[in-house]
Amino acid sequence: MDGASSRPAVQGLVDQYVGGRLSRRQFVKGALALGLGITTIGGILAACSGATNSTSGTPKKGGTLKEGYDLDFSRLDPINTNWYDPAFYAVYESLVTNDPQGNYVPQIASSWTAASDGLSVTFKIRSGLKFQSGAPLNAAAIKAVYDGIADPKNGSPLGSVWVPVASTDAPDDTTLVIKLKHPYFDLFNIVKTGYWDIINMAYRTQLGDKYGQQGVDGSGPFKLTEWVPGSHTSVKRWEDYPGTVTPFIQNKGKPYLDGINWLTILDAPQRAIQIQNGEIDTLRGPAFQDITRLQADSNLTVTQLKEWSGYFFSLNFKRTDLGFNDVNVRQALSHAIDRASIVKALLFTHGEPLYGPITSADKSYTKDVEQFNQFDVTKAKSMLSAAGWKAGSDGILVKGGKRFTFEMIIQAESFNQQLGSVIQAQLKTVGVDLKVSSLDRGTFFNKAFANPDSVMFFYLWPVPIDVVTLFVNSVNANGKGPNWGNAVVPQVDAAIAAWQSAANQDGLVAAGKQFQLAIAEQLPFVPVINRDAFWVNRKNVHGWHPDQWNLYPYYNDVWLD
Amino acid sequence: MASYLARRTGYMVLILAISSVVIFYALRSAPGGPSGGGVLSPLSSQEIRQAYEKRLGLDQPIYTQYFIYLGHIATGDLGTSLVNGTPITELLQTHARNSLILGLTALLVSYLIAIPLGVLAAVKRNTWVDQLAMGGAILGMGIPNFWLALILVYFFSLRLGLLPSAGCCDPPQLIMPALVLAAEGTAVTMRMTRSSMLEHLRDDFVRALRAKGLPEWQVIIRHVLRNALIPVISLTGLRLGWLVGYALIVETIFRWPGVGYLLVDSIIRRDYPVAQFFSLLLILFVLLANWFADIAYGLANPRIRVA
Amino acid sequence: MADLTVLDEKAQWEAKVERLWTTRPSRWRDAWYELSRNKLAVTGSLIVVFFTLVAIVGPALAPYDYAKQVLSDVLLPPLSNGHLLGTDELGRDLLSRLLLGIRISMAVGLGTTAIALSVGTVAGMLAGYYRGWVDRIINGFVELVWGFPLILIAVLLIGAIGPGLTGVVIAVGFVNWAGFARIVRGEVFALREKEFVAAARALGKGDLEIMARHLLPNVVGSALVMGSYYMAIAIIAEAGLSFIGMGAQPPLPSLGQMISQGSGYMLLNHWLSTIPGFVIVLLVLGLNVLGDGLRDVLDPRLKGVS
């Protein structure tokens with residue numbers, strides 16, 4: 001938790017490079033002069049690689065960016081949303097954000113200091129900020145948001161990651177103090193996410209359920225014009241946007257674009273056709289089968305990044321008759337899953353097997369998880385046999401007259417269905433009969449909370465350990481949160497406690513490793529695969545830089561030819 | 001005629017009332033609920049979800065909810081979407097307009113192709129023209145519209161880059177959905193036009209007109225076609241139900257924000273107010289179309305009225 | 001013995017009724033003859049018979065298990081080694097899936113049509129024969145159902161009971177019976193005024209017997225013509241519902257579901273959706289052509305008219 005301008009010289013260099021004012025060679029020379037190692041420079045260059053291709057020429061004002069999106073839109077209410085969408089990066093800002101190298105940089109806060117005992121963090125808030133409605137955005141307004149998240153009646157499903165916070169105080173307009181129950185180095189990872197975006201709480205209270213549907217009040221560079229889930233979200237430039245102090249954003253003033261229109265395109269080939277045809281300018285999430293085709297199109301630039309996401313499935317600990325409360329049975333089922341083949345076939349190798357809960361790209365990733373969950377049908381069979389399951393006449397396992405059969409619910413979407421089919425077929429090879437039920441959105445989550453045998457789910461979050469804690473924390477079992485498998489594993493809870501009380505980066509990384517190992521071994525859920533993130537833009541789009549550390553790009557710099 | 005009209009209308013109201021009960025029950029007794037699809041984070045705890053459903057009155061018995069709903073309708077309050085809070089009156093304006101644009105274009109396309117070709121096939125009966133037209137018609141009846149949509153998108157958007165593959169509401173975006181929606185109707189109308197023409201070509205008055213020395217095209221267009229069109233028009237009324245059904249699929253594929261698209265989406269999300277209103281609207285629409293077809297047919301054909 | 005004349009008269013009626021009966025087989029023989037001469041009908045029958053055979057024996061002859069995945073052999077094009085039609089996105093043999101898909105689509109088509117035809121014929125017959133309040137009630141239902149767009153009912157019903165073939169069969173059967181009822185009712189309206197019905201009634205035959213033995217054979221022709229059209233409609237409806245995810249559930253293939261799954265790979269391997277698409281078109285074409293042919297044969301009034 002160092003100061004705001006942690007590495008100002010490097011940052012300046014990176015800004016210039018990203019801005020196209022430095023060549024690659026000049027950048028490397030400058031960076032070497034600053035004493036950075038070659039590997040670090042390489043990392044920075046790689047992180048910026050998506051950026052360099054389209055940042056030339058003088059920005060032009062005007063135009064509407066049309067961006068395709070592979071998911072449905074969630075309500076634009078940070079406190080109670082499914083996951084946040086690209087529009088959050090246009091209408092809201094948060095206290096701090098990440099630069100393309102993963103460092104914390106100012107956004108609403110201009111600087112911060114952590115107390116030496118680790119029990120509080122003091123943020124300096126930029127003065128004179130306003131919400132889009134004109135209401136003042138000061139420390140008190142931010143406190144209202146954080147208090148709202150802490151208040152269970154506002155329904156934030158993320159309460160369990162805010163537990164270490166004792167209180168938020170606003171002694172004056174430009175000072176915000178977050179007091180902690182114990183050291184909580186992870187705090188920054190939390191407040192940088194879209195769920196902690198700063199909104200006008202008074203307006204949220206006034207609109208009630210309609211907040212984020214019919215209106216929002218944030219401080220981002222664009223104002224919401226329309227939100228139609230399943231179809232589109234559109235925003236227009238906020239003419240009174242005061243500008244940004246975030247270092248890596250080039251355009252310090254109002255955005256260039258008149259507006260942005262995001263289109264939900266759930267049909268996979270349509271996403272590829274529309275960007276090739278120029279019906280959309282940019283695209284998140286082309287289907288994996290279409291990537292080669294898009295890469296071959298000279299009108300397009302395809303950016304490939306690691307994604308902080310993962311597919312997993314739960315095994316309900318309450319199904320004791322099937323032994324899901326027995327770690328050996330869970331491990332046996334996990335050994336039946338051939339993750340490498342799934343990555344090859346379904347992701348066209350654009351991803352990686354998950355032997356633990358998170359991707360290998362994470363700072364705290366440990367290779368030690370790879371000793372678990374390897375594909376081994378023989379081992380799976382012998383473990384099941386040791387647990388008392390014997391093959392019946394049709395090949396399905398039986399124990400005391402009980403067949404090994406259970407239901408997995410998935411959200412009705414073609415990739416989920418394929419993955420569900422593969423898991424079904426692979427479990428069958430060890431004599432387990434899986435029924436896959438594909439449910440629409442209105443049914444899926446209701447069933448997920450109604451004690452289902454198994455739930456397949458996909459998470460997406462800029463710091464994956466935080467989101468994974470939600471699915472495995474025992475406080476979220478029994479309908480209290482998304483621990484749908486009702487997993488209660490003391491080692492996992494202990495690791496979460498360690499993660500949430502880490503006092504520094506080293507402590508955080510160590511706790512992260514402990515957490516991964518606990519999950520890989522104990523399997524409160526069974527991790528399956530992680531996919532890469534793909535972004536496509538047409539060549540007439542400039543200043544659009546998806547990066548590794550933010551789920552979506554910022555739109556301040558974007559302009560169209 | 002007046003009593004027939006009154007009976008027909010009363011009947012329509014009765015069907016609408018029954019349908020509204022059936023739809024209300026079907027939607028609300030279906031598994032799932034709106035808490036997973038709109039306002040709440042789907043990850044919300046059971047407690048928060050139940051509080052939300054209580055706030056919407058969903059904890060009450062369905063018949064109570066039904067009467068509350070009727071009360072609101074009676075005062076002109078159609079409600080708002082649970083998913084994005086838009087008043088249904090507003091949704092009605094935009095989506096009904098989009099659907100009408102698509103539907104009417106499809107009907108127009110279908111008539112412009114089907115009637116001339118149907119007439120031609122009847123006049124040139126048993127020639128290659130006839131066989132080609134009827135072969136095309138029977139193919140048109142056999143191609144599932146969603147598959148036709150895939151093929152058209154593949155050629156016109158991907159291969160040729162001529163037409164946008166989806167979306168609304170520029171004229172080029174209308175072309176493919178309208179063609180796909182029109183396909184089946186065109187085939188059926190063409191067959192109907194041909195057979196109706198053939199029936200009337202045998203009529204005595206046709207022979208008389210020809211004997212009077214009227215040019216053949218005048219006989220066909222002004223006299224035969226005029227009579228032959230009556231069943232074709234009434235067929236349209238009967239086929240509107242199909243058109244509405246196909247529109248659900250075509251609008252979904254082409255992301256054309258019409259009533260069908262909205263309806264499928266609202267059912268998936270359990271957006272009860274929207275789903276029940278627009279289901280009923282579609283049924284009303286089909287009933288009205290049948291009603292007009294009946295009345296028109298009755299007017300044109302006094303013998304029918306008795307039955 | 002004044003009753004003699006009565007008996008005589010009765011005998012005459014009986015004879016007439018018998019004569020009417022004896023004409024039936026020959027009429028059917030005529031129909032068969034006509035059918036074999038009618039090019040349309042022959043083509044249609046051949047296509048339908050072919051698909052029926054495929055549906056019956058095809059899956060047993062399939063080279064692979066339809067659900068067997070080989071993740072190292074995904075998306076092989078047609079004519080690949082060991083896979084005549086190639087493989088799908090999970091490395092399953094497309095031909096094997098297609099064979100089962102044809103069976104499922106045919107079964108759904110045939111099943112819904114059989115239900116709709118029997119229910120519709122009985123309902124139409126009762127309405128047409130008894131008229132009055134029976135007719136008003138039955139016809140009320142018919143019009144109620146007729147007013148609902150099929151896909152809308154299916155979407156509502158499947159929303160209620162969950163996606164799957166059961167919902168499709170119920171929804172399609174539920175709508176299509178009304179079509180049969182309308183036709184049969186109209187025919188029976190006309191038939192019941194005919195001499196042979198009056199004769200049968202005068203002989204003291206019961207309503208049930210009259211309907212079963214005298215009316216049914218006369219309406220079966222129209223019902224069969226309708227049947228082949230409605231089977232085509234049912235197959236298309238199932239495909240459409242499967243396409244939007246409401247029909248057959250994976251890993252079970254139906255033709256519509258295969259098109260739907262394959263459509264995601266349209267740009268890489270279009271065969272996954274074009275092959276099942278061609279199969280549906282051909283099957284539905286066969287049914288429609290057969291319907292046209294049957295109509296020419298069984299309903300001579302309309303012969304050559306459409």
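The buried residues of helix H10(B) are Val259(B), Gly260(B), Tyr261(B), Leu262(B), Leu263(B), Val264(B), Asp265(B), Ser266(B), Ile267(B), Ile268(B) and Arg269(B). Buried means that 20 or more other C-beta atoms, placed from the backbone, lie within 10 Å of the residue's own. Helices (H or I, at least four residues) and strands (E, at least two) are DSSP runs, numbered from the N terminus. H10 of chain B spans residues 259-269 and is mostly covered, with 11 of 11 residues buried. Arg270(B), just after H10(B), has a positive phi of about 60°.

This is a predicted model, in which local features need pLDDT of at least 70 and side-chain atom pairs count only at pLDDT 80 or more, while totals for chains, interfaces and linings use all residues. Residues are numbered from 1 along each chain as its sequence is written, and chains are lettered from A and ligands numbered from 1 in the order in which they are written.

Chain A contains 17 helices and 23 strands. Of its 561 residues, 55% are buried. Along the principal axes, its C-alpha atoms fill a box of roughly 70 × 55 × 50 Å.

In chain A, an open sheet of three strands follows the order S15-S16-S17, with antiparallel pairing. S15 and S17 of chain A are the edge strands, each with a single partner strand, so one side of each has no neighbour in the sheet. Two strands pair if DSSP finds at least two bridges between them.

| Strand | Residues |
|---|---|
| S15(A) | residues 390-391 |
| S16(A) | residues 397-399 |
| S17(A) | residues 402-403 |

Two bridges join S16(A) to S17(A), and Val398(A) has Arg403(A) in S17(A) as its bridge partner.

Methods
A residue is buried if 20 or more other C-beta atoms lie within 10 Å of its own, exposed if 12 or fewer, and partly exposed in between; C-beta atoms are placed from the backbone.
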